[in-house]
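Q: Could you pick one part of this model and take me through it slowly? Once I've got that, please keep going and show me what else is worth a look.

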Amino acid sequence: MTAYHRPATLQEALAIRAARDVAVLAGGTDIFPARTARAAWGDPTHRDVLDLTAIHGLDRIEATTQGWRIGCLVTWTALMQAALPPVFDGLRAASREIGGMQVQNRGTLVGNLVTASPAGDGIPNLLALDASVELASPRGVRVLPLADFVTGYRATALAADELVTALLVPRLDGGRGAFRKLGARHYLVISIAMAAGVVATDAAGRITTARIALGACSAVAQRLPGLEAALSGVALRDAAGVPQPAHLENLAPIDDIRASAAYRRDAALVLLRDLLEAL
């Protein structure tokens with residue numbers, strides 16, 4: 001029989017996590033379909049469930065002196081409704097395209113991250129926000145840059161006794177964000193390619209900070225340091241003309257049922273230009 005644990009404190013949850021092989025449940029929008037799929041293919045085994053939803057305080061978005069702390073139970077709907085500055089506009093745009101309203105009401109940003117799908121809409125935006133991941137275990141707390149947390153296709157640096165407790169986003173004065181996604185239709189679709197960006201400008205409108213990321217074009221979403229460097233000092237009104245095919249050389253798109261690798265590469269360049277036009 002599958003055991004179901006719903007602790008009331010983080011300390012209790014960490015003790016269970018360390019002692020047992022459990023599936024961690026926050027929103028459930030990934031875990032339940034995965035269980036159903038395994039059953040459909042004749043696998044009757046399921047890990048015990050560790051439900052975090054009774055732990056007080058993990059569903060908060062809090063401003064700090066360094067930036068913002070987004071708890072691991074914060075849902076996409078909560079993000080949409082929160083009073084956040086324009087630097088979050090890309091992540092908020094992604095939140096409106098994460099499934100339907102029922103998924104947005106239950107699904108969490110951290111769940112989307114831990115699933116580590118190349119097509120996870122939140123991950124490029126978190127890269128553009130320069131987010132870090134807070135991990136807790138009975139051994140203590142550590143913080144990893146998001147780029148170091150996602151290590152491969154559906155793979156992360158999460159240890160067997162750890163839980164992701166929060167996302168940490170640093171301040172960027174005057175920053176603004178945007179997001180562009182291509183799918184077979186506008187809503188309820190897995191991305192073919194997506195682009196996320198955050199920029200800040202000086203008083204003359206020249207770019208002083210640029211963080212640009214692409215998703216669904218490699219095994220993991222990734223930033224484009226060459227493009228970011230090329231955008232430095234460029235007037236924001238001219239930024240859409242900067243992206244070139246050479247800026248996409250490190251991508252490794254695949255051919256699959258949704259699109260060919262060549263189409264993804266071409267689409268990514270168009271999305272980047274649209275993204276910078278929107279910023």
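**One bridge, then outwards**

A: Let's start small: A200 has T209 as its bridge partner in β13. Before we widen the view, this is a predicted model, in which local features need pLDDT of at least 70, side-chain atom pairs count only at pLDDT 80 or more, and totals for chains, interfaces and linings use all residues. Residues are numbered from 1 along each chain as its sequence is written, and side-chain values use heavy atoms, with hydrogens and water left out.

Now zoom out a bit. Strands β12 (residues 193–201) and β13 (residues 207–215) pair in the antiparallel sense over eight bridges. (Strands are DSSP runs of E with at least two residues, helices are runs of H or I with at least four, and both are numbered from the N terminus; two strands pair if DSSP finds at least two bridges between them.) As a rule, strands of a sheet pair through backbone hydrogen bonds, either parallel or antiparallel.

Those two strands belong to an open sheet of four, in the order β11-β12-β13-β14, with antiparallel pairing. β11 (176–182) and β14 (222–223) are at the edges with a single partner strand each, so one side of each has no neighbour in the sheet. Helix α10 (residues 261–278) packs on this sheet and touches β11, β12 and β13. Its direction makes about 150° with that of β11. (Axes are lines fitted to C-alpha atoms, for helices over the stretch in contact, and angles run from 0 to 180 degrees between N-to-C directions.)

Next comes an open sheet of three strands, ordered β1-β3-β2, with parallel pairing. Here β1 and β2 are the edge strands, each pairing on one side only. β2 and β3 run parallel and are joined by four bridges; in β3, L50 stands opposite V24.

Helix α1 (residues 10–19) is a good one to turn around on screen. A13, L14, I16 and R17 in this helix are buried. (Buried means under 20% relative accessible area, exposed means over 50%, and partly exposed is in between, with a 1.4 Å probe and protein chains only.) Looking down the axis of α1, you'll find its buried residues within an arc of 160°, so they line one face of the helix. (That arc is taken from the directions from the helix axis to the C-beta atoms.) The face of α1 turned away from the buried side carries the exposed residues Q11 and A19. And what covers the buried residues of α1? The cover includes β1 (4–5), β2 (22–25), β3 (48–51), β6 and β10 (163–170).

Let's follow β10. Six of its eight residues are buried, making it mostly covered. β10 pairs with β6 in the antiparallel sense over five bridges, with A166 in β10 as the bridge partner of E134. β5 and β10 also pair in the antiparallel sense, over five bridges, and here P170 in β10 is the bridge partner of G67.

In strand β6 (residues 132–137) you'll also find S137. With a relative accessible area of 7%, S137 is buried. Leaving aside its neighbours within four places in sequence, S137 is in contact with L14, D161 and E162 (contact means heavy atoms within 4.5 Å).

Over in β5, look at the rings. The count comes to one aromatic pair. (Rings of Phe, Tyr and Trp, using the six-membered ring of Trp, pair if their centres lie within 6.5 Å; planes under 30 degrees apart count as stacked, over 60 as edge-to-face and the rest as tilted.) W68 and F88 have their ring centres 5.1 Å apart and their planes at 90°, so the pair is edge-to-face. W68 lies in β5 (residues 67–71) and F88 in the loop between α3 (76–81) and α4 (89–95), so the pair ties together parts that are 20 residues apart in sequence. W68 and F88 are both buried. R171 lies over the face of W68, 4.8 Å from the ring centre. (A charge sits over a ring if NZ of Lys or CZ of Arg is within 6 Å of the ring centre and within 35 degrees of the ring normal.)

Last stop, two loop residues. Most residues other than glycine have a negative phi. A116, in the loop between α6 and α7, has a positive phi near 60°, and at 2% relative accessibility A116 counts as buried. D130, in the loop between α7 and β6, also has a positive phi near 60°, but at 37% relative accessibility D130 counts as partly exposed.
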